[in-house]
Amino acid sequence: FYDFSVIQKCQTIGRKTVFCEKSRNLADVKVEDLLKGVTMQEWDVFISYSSKDYAIIQNIINDFKLNHINYWIDREQIKPGDFIIPRITAGLENSRYILPCFSWNQSGSGWSRAEYESILYEIFSDKQSKRKVIPLVIDDINTLPRLMMNIKYTKYSDNNAYNELIEFLKNKKDYRTLL
């Protein structure tokens with residue numbers, strides 16, 4: 001048995017085999033073989049938000065649906081009886097963009113902060129990260145966390161900027177080609 005997240009990471013970094021300590025001859029096993037028959041959902045956007053802001057988030061979700069932007073959100077992906085942290089981890093690891101939705105409510109949410117901070121660490125330590133954080137300010141909060149201050153953000157209340165964000169996500173451009 002292998003930890004699925006380790007096998008995913010091997011695939012992500014291009015490692016072809018993984019060591020099997022249980023085999024008689026201590027053989028390497030092909031990562032490709034271990035993942036046969038396993039379907040991995042990929043999302044364009046992981047939405048990180050405060051549950052107190054769900055009314056606004058529902059509007060954003062409706063815009064995503066209209067524009068065929070697939071998204072990960074806890075209310076749809078975590079089912080009764082699921083272990084929460086592995087589901088969130090899978091959502092983060094399989095999403096191209098992380099959309100932390102900043103608000104007064106979010107500023108007090110430890111869960112939301114934990115979600116985007118783990119990706120920020122990855123981005124700052126690995127310039128080839130396949131993920132990108134796109135902050136979205138959804139109310140009149142006047143300051144972002146320090147680590148977000150150097151990242152271009154979008155205001156939900158600014159129709160032009162918000163529509164630009166939707167177009168960007170809809171076209172599923174790889175941001176590295178825009179640098």
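**Salt bridges and a nonpolar patch in a predicted model**

At 56% relative accessibility, Ile-85 counts as exposed, the cut-off for that label being over 50%. Before I go on, please keep in mind that this is a predicted model.

Ile-85 belongs to helix α5, which covers residues 84–93. Which residues join Ile-85 in a nonpolar surface patch? The partners are Ile-84 and Trp-111, and the three residues make a patch of about 340 Å².

Now the charged pairs. How many salt bridges does the structure hold? There are 3, and I will take them one by one.

I start with Arg-87, which forms a salt bridge with Asp-82. The closest N and O atoms of Arg-87 and Asp-82 are 3.6 Å apart. Is either residue out in the open? Arg-87 has 30% relative accessibility, so it counts as partly exposed. Asp-82 comes out at 29% and is therefore also classed as partly exposed. That label is the one between under 20%, which is buried, and over 50%, which is exposed.

Next, Glu-164 and Lys-152, whose side chains meet in a salt bridge at 3.5 Å, N to O. This pair links distant parts of the chain, with the two residues 12 apart. Glu-164 sits in helix α7, residues 159–170. Lys-152 sits in the loop between β7, residues 136–137, and β8, residues 154–155. With a relative accessible area of 64%, Lys-152 is exposed.

The remaining pair is Lys-170 with Glu-167, where the side chains meet in a salt bridge at 3.0 Å, N to O. How far apart are Lys-170 and Glu-167 in helix α7? They are 3 residues apart, which means a separation of about one helical turn. As for cover, Lys-170 has a relative accessible area of 31% and is partly exposed. Glu-167, at 36% relative accessibility, counts as partly exposed too.

One backbone point to finish. Which residue other than glycine has a positive phi near 55 degrees? That is His-68. You will find His-68 in the loop between α3, residues 54–66, and β4, residues 71–72. Why does His-68 count as exposed? Because its relative accessibility is 65%, and the label applies over 50%.

To go back over the main items: a patch made by Ile-84, Ile-85 and Trp-111, 3 salt bridges, and a positive phi at His-68.

Methods. Residues are numbered from 1 along each chain as its sequence is written. This is a predicted model: local features need pLDDT of at least 70, side-chain atom pairs count only at pLDDT 80 or more; totals for chains, interfaces and linings use all residues. Side-chain values use heavy atoms; hydrogens and water are left out. Patches are made of residues with over 30% relative accessible area and no salt bridge: like charges are joined within 9 Å, nonpolar side chains (Val, Leu, Ile, Met, Phe, Trp, Tyr) within 5 Å. Accessible areas come from the Shrake-Rupley method with a 1.4 Å probe; for residues, only the protein chains shown count as cover. A salt bridge is a side-chain nitrogen of Lys or Arg within 4 Å of a carboxyl oxygen of Asp or Glu. Helices (H or I, at least four residues) and strands (E, at least two) are DSSP runs, numbered from the N terminus. Buried means under 20% relative accessible area, exposed over 50%, partly exposed in between (1.4 Å probe, protein chains only).
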